[in-house]
Amino acid sequence: MGKKRKQREAETNGPAAKKEDTAASEERPKRTLLGWKEKPQENADAAATAPSFRNKEKVLVTCSRRINFRYRHLMLNVVSLLPHCKKDNKVESKEIKGATLNELVELRNCSSCLFFECRKHLDLYLWMAKCPNGPSVKFLVNAVHTMEELKLTGNHLKGSRPILTFSANFDKDAHWLLLKEMIIQIFGTPKGHQKSKPHHDHVFAFSIVDDHIWFRNYQIAVPHIESDKVPRGSLEKMTLVEVGPRFCLNPIKIFGGSFGGPTLYENPFYVSPNQIRALQKKQKTGKYAKKVKAKTRRKMHELSNPLEPDEFADMWKE
């Protein structure tokens with residue numbers, strides 16, 4: 001009988017004792033690496049439960065068939081500067097290239113696209129698009145200088161994250177603001193990307209001059225001598241050394257969709273390279289016509305003004 005009474009008392013007192021133990025453990029402060037926490041932080045728990053944004057930007061870089069070797073080297077330089085990009089095979093430059101590129105972007109699990117399109121082995125066009133809903137921009141690329149051609153002294157780690165700098169002109173008009181946002185999303189390496197280095201040691205400079213976007217790439221050079229080491233936060237002894245490549249982007253049109261759609265902006269000052277070459281040919285034809293007219297004028301002048309006969313012309317014939 002005594003054993004049964006003890007078991008009944010233990011069963012009745014058991015849940016109450018467990019509740020007291022759990023209450024005591026909840027009130028007990030938590031131990032962390034930095035010390036004891038007396039009160040739980042509600043804000044930290046809310047931040048941990050809230051969904052955090054992670055940049056998963058991936059860029060597909062490809063080119064058209066029959067591209068020039070110089071423009072292909074420029075594309076490879078851009079691929080080496082963007083660790084978050086994926087390079088694909090050449091695409092035929094036709095009217096249906098938009099649907100083909102959108103399908104490629106979806107297959108490669110990317111969100112943006114850089115398409116280098118070469119026309120007539122002379123002109124290079126750059127398509128910068130956000131897939132699959134847009135917007136997209138078409139540029140004419142001028143003043144192309146690759147890394148191999150320049151042979152500059154600057155050198156930075158491959159895969160390190162760049163610092164993007166823009167001139168003050170980007171904040172003036174709406175289309176420049178749109179281009180700035182697209183450049184930030186495409187050329188900015190996501191934080192924590194598996195192929196990127198966590199630190200910054202080079203700068204991408206985008207500046208607007210004469211309604212053209214000029215691109216430059218600089219290395220942040222810091223002296224490594226112990227006596228000249230730079231303290232954290234000081235910029236006096238830091239210098240910029242150019243790495244390359246160099247190119248200039250002339251915006252032609254901004255479309256609402258990916259590789260097409262409604263036209264949001266059209267450059268009124270754009271002149272196609274075909275028109276420039278046609279004007280140069282006309283100038284050359286004008287030069288030839290001037291030469292022919294000068295010859296005819298000279299002949300007419302000689303006929304209208306004949307030379308007088310010379311007295312001594314036949315002296316030595318005898």
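A residue is termed buried under 20% relative accessible area, exposed over 50% and partly exposed in between, with a 1.4 Å probe and protein chains only. The structure is a predicted model, in which local features need pLDDT of at least 70 and side-chain atom pairs count only at pLDDT 80 or more, while totals for chains, interfaces and linings use all residues. Residues are numbered from 1 along each chain as its sequence is written, and side-chain values use heavy atoms, with hydrogens and water left out. Helices (H or I, at least four residues) and strands (E, at least two) are DSSP runs numbered from the N terminus.

Aromatic contacts were examined across the whole structure. Rings of Phe, Tyr and Trp (its six-membered ring) were paired if their centres lie within 6.5 Å; planes under 30 degrees apart count as stacked, over 60 as edge-to-face and the rest as tilted. The search of the whole structure gives 11 aromatic pairs. One of them, formed by Phe-166 and Phe-206, is stacked, at 5.4 Å centre to centre and with 15 degrees between the planes. Because Phe-166 belongs to strand β8 (residues 160–166) and Phe-206 to strand β9 (residues 197–209), this pair ties together parts that are 40 residues apart in sequence. Phe-166 is partly exposed, at a relative accessible area of 22%, whereas Phe-206 is buried, at 2%. Phe-206 also pairs with Phe-215: the ring centres are 5.3 Å apart and the planes stand at 55 degrees, so this pair is tilted. Phe-215 is buried, with a relative accessible area of 2%. These three residues are members of one aromatic cluster, which is formed by Phe-166, Phe-170, Trp-176, Phe-187, Phe-204, Phe-206, Phe-215 and Phe-247.

A contact between a charge and a ring involves Lys-138 and Tyr-125. The criterion is that NZ of Lys or CZ of Arg is within 6 Å of the ring centre and within 35 degrees of the ring normal. The charged end of Lys-138 sits over the ring of Tyr-125, at 4.8 Å from the ring centre.

Internal voids were located on a 1 Å grid over the protein atoms alone. A cavity is a set of points where a 1.4 Å probe fits but cannot get out, and its lining residues have an atom within 4 Å of a point. Grid points are joined across faces, edges and corners, and a volume is the space filled by probe spheres set on the points. One cavity of 30 Å³ or more is found in the whole structure. The largest cavity has a volume of about 40 Å³, and its lining consists of Leu-74, Val-78, Leu-114, Phe-116, Leu-126, Val-141, Phe-187, Phe-247 and Leu-249. Elements that give two or more residues to this lining are α3 (69–81), β5 (112–119) and β12 (246–257). With Ala, Val, Leu, Ile, Met, Phe, Trp, Tyr, Cys and Pro counted as nonpolar, Asp, Glu, Lys and Arg as charged, and the others, Gly among them, as polar, the lining has nine nonpolar, no polar and no charged residues. Phe-187 and Phe-247 appear in the lining and in the aromatic cluster.

Helix α7 (residues 273–304) comprises 32 residues and reaches 47 Å from its first C-alpha to its last, close to the 46 Å expected at 1.5 Å a residue; the expected span is 1.5 Å times one less than the number of residues. Helix α7 is hardly covered, with one buried residue among its 32.

Several backbone features fall in loops. Most residues other than glycine have a negative phi, and most peptide bonds are trans. The peptide bond from Cys-131 to Pro-132 is cis, with omega near 0 degrees, and the bond joining Gly-134 and Pro-135 is cis with omega about 5 degrees. Pro-132 lies in the loop between β6 (123–130) and β7 (136–145), as does Pro-135. His-121, in the loop between β5 and β6, is not a glycine but has a positive phi of about 60 degrees; its relative accessible area of 48% makes it partly exposed. Asp-210, in the loop between β9 and β10 (212–221), has a positive phi near 55 degrees and is exposed, at 66% relative accessible area.

Notes: On a 1 Å grid over the protein atoms alone, a cavity is a set of points where a 1.4 Å probe fits but cannot get out, and a pocket is an open set with protein on both sides within 12 Å along at least five of seven lines; lining residues have an atom within 4 Å of a point.
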